[in-house]
Structures are given as structure tokens and as C-alpha cells.
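Got your viewer open and a few minutes to spare? Load the model, get ready to select residues by number, and follow along stop by stop.

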Amino acid sequence: MNLPNKLTLLRIALFIPMIFLMIANIYILRTSDGFWWSYMKYVENHNLPTTYSLNGLYTKIGAIDIVILLFFIGAMVTDFLDGYFARKNNQVTEFGKLWDPLADKIITTLTLIYFAVMNYVPFWIVLIFVIRDLIVDGSRVTMAKNNIGVEASIWGKLKTLIMTAGIIIVFIYQLVFSFNIEKITYFDKSAQSWAPFVVSIPLLVAAGFSVFSGFLYVRKIWPIIRESK
């Protein structure tokens, strides 16, 4: 097995520690939910500033998010390196064409679902990516069975690039400004309404590219679908 394919498998393997860390953060948030809602109610009733101890819930969730972010960045670095070495050393393989984009989807989809569960981004944004990927994966299988090239399109690559940037921005926003968009932020009340939306703009742009690139895949297999009727 050549180096690019090993890097692809490494990216898939990073899924395992990431999912354990995400489950840990979700557990911490869910089991502490009642306490923090009571705390915020107390803050509102006594006109206190919306701050909280650095030794509390934010520190735990933020620390784990930092590790998840580092794993995510590491996965995206391997994505760049496997493509670079494959082209440089002329080591493009059918395995790489199929599994390289699939490895990206495993990592990015996992992270987006985590964002939705933690209320970092709206659920419907994540749903767009998940539905698109299901359609594209089915299309790619059909294309492979019918000897149609399954390499990633430029639009899919743009989607991945913008989505990667968007995911990193969301992580940074959460680490710097809040532990949960809907509960506690360091913004004043007016900023709380628009800040999460602004942070989500790169993901919205990526969602647009995602839908368009998905349409291109469906268009490729549409003649096959029509013939099978």
C-alpha cells in the first residue's frame, strides 16, 4: 500500500478517538444541563454578569473541544498530504479515488452531527450535508459499477475546503466566546442574535456548493436510472 492510501486510512482511524471525545462532551453537557439552566436563572433574577467559573463546565467542554479541533485539523492535513503525494509521485489509485472523499465525509459529517447535538449550529444545516452525502455515495457506487469515473469534482473539493474552514471557525467561536450558543455567551443581548448566524455563513456557503456538486453527480447517473426503469 502506498503512502497516500496509508494517509487516507489514518484519517479514517482518527474517527475513533474523535467520537469518544465527542460522546464525553455531550455527556458532560447533558448531565450538567439542569444545573446551568438554574445558574442562568439565578443570574437573570439578580442582575449579575453572565460569567462563570473557569473551573466549571466551560473549562471541561472547552478543553475537550480543543483536542477534538486538533484531531480535526490533523485529519484535514492528511487530506492535503495524501492528494499532494498521490499527484507528485503518480500514485493515484482506484482505492484513493473512492476512499479519499469518503474519509473526508466520515470526519466532517461526524463533526457536523456533533455541532448539531451541542447546539453549535442549526440542525437543518447539518441535515443538508448528510442528505447530500447519502445521495452522492449512492451515485458513486452506481458510477463505479458502470465504469464511470468517480474522482471528486472541483465543486466537491471547494465544498470540502469551505466546510473545513467553517468547522474550524465554529470551534474557535465556541472556545473564545461561548460554551453553547443558546445558553451563555460573552456578547451582549443584541450580538447574541446575529453572532451565531455570522459564524455559520461559511457552512451555509459550503452547503450551497454541496447541493450543486450533488446535483452534478445525480446528473451523471440519471441516464442509468432512466434505463433501469
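## First stop: a loop residue and its neighbours

Select Gln-91 and look at what it touches: Asn-2, Leu-3, Pro-4, Phe-85 and Ala-86, leaving aside residues up to four places away in sequence. Contact here means heavy atoms within 4.5 Å. Gln-91 sits in the loop between helix 3 and helix 4. With 25% relative accessibility, Gln-91 counts as partly exposed; the scale calls a residue buried under 20% relative accessible area, exposed over 50%, and partly exposed in between, using a 1.4 Å probe and protein chains only.

A word about what you are looking at: this is a predicted model, where local features need pLDDT of at least 70, side-chain atom pairs count only at pLDDT 80 or more, and totals for chains, interfaces and linings use all residues. Residues are numbered from 1 along each chain as its sequence is written, and side-chain values use heavy atoms, with hydrogens and water left out.

## Zoom out: the whole chain

Switch to a cartoon view. You should find seven helices and two strands, and from the N terminus on they run α-α-α-α-α-α-β-β-α. Helices (H or I, at least four residues) and strands (E, at least two) are DSSP runs, numbered from the N terminus.

Now try a surface view. How much of the chain counts as buried? The figure is 43% of the 229 residues. The accessible surface comes to about 12400 Å², and 70% of that belongs to carbon and sulfur atoms; such areas come from the Shrake-Rupley method with a 1.4 Å probe, and for residues only the protein chains shown count as cover. As for contacts between residues at least 6 apart in sequence, 83% of them join residues at least 24 apart.

## Second stop: helix 1 against helix 4

Colour residues 3–13, which is helix 1, and residues 94–117, which is helix 4. Two packed helices are described by the angle between their axes and the distance between the axes. For this pair the angle is about 25° and the axes are 9 Å apart. The axes are lines fitted to C-alpha atoms, for helices over the stretch in contact, and angles run from 0 to 180 degrees between N-to-C directions.

So helix 1 and helix 4 are roughly parallel to each other, a label for angles under 35 degrees (over 145 is roughly antiparallel, 65 to 115 roughly perpendicular, and the rest oblique). Their crossing is left-handed, meaning that the near helix is turned anticlockwise from the far one by less than a right angle.

Show side chains where the two helices meet. From helix 1, pick Asn-5, Thr-8, Leu-9, Arg-11 and Ile-12; from helix 4, they meet Phe-95, Gly-96, Trp-99, Asp-100, Ala-103, Asp-104, Ile-106 and Ile-107. By class, this contact has seven nonpolar, three polar and three charged residues. Ala, Val, Leu, Ile, Met, Phe, Trp, Tyr, Cys and Pro count as nonpolar, Asp, Glu, Lys and Arg as charged, and the others, Gly among them, as polar.

Stay with Asn-5, in helix 1. Is it buried or exposed? Asn-5 is buried, at 8% relative accessible area. Apart from residues up to four places away in sequence, Asn-5 touches Thr-93, Phe-95 and Gly-96. Draw a line from the C-alpha of Asn-5 to that of Gln-91: the two are 86 residues apart in sequence and 9.0 Å apart in space.

## Third stop: two asparagines in loops

Go to Asn-90, in the loop between helix 3 (57–88) and helix 4. Its phi is near 55°, a positive value in a residue other than glycine. Asn-90 is exposed, with 68% relative accessible area.

Next, select Asn-119, in the loop between helix 4 and helix 5 (123–145). Asn-119 is not a glycine, yet it has a positive phi of about 65°. At 25% relative accessible area, Asn-119 is partly exposed.

## Last stop: helices 5, 6 and 7

Pick Ser-213 in helix 7 (residues 189–228). Ser-213 counts as buried, at 0% relative accessibility. C-alpha to C-alpha, Ser-213 is 8.6 Å from Val-136, with their positions 77 residues apart in sequence.

Leu-134, in helix 5, is exposed, at 61% relative accessible area. Its C-alpha is 9.5 Å from that of Gly-214, 80 residues away along the chain.

Finish at Leu-161 in helix 6 (residues 154–177). Leu-161 counts as exposed, at 57% relative accessibility. The C-alpha atoms of Leu-161 and Ala-206 are separated by 8.2 Å, and the two residues are 45 apart along the chain.
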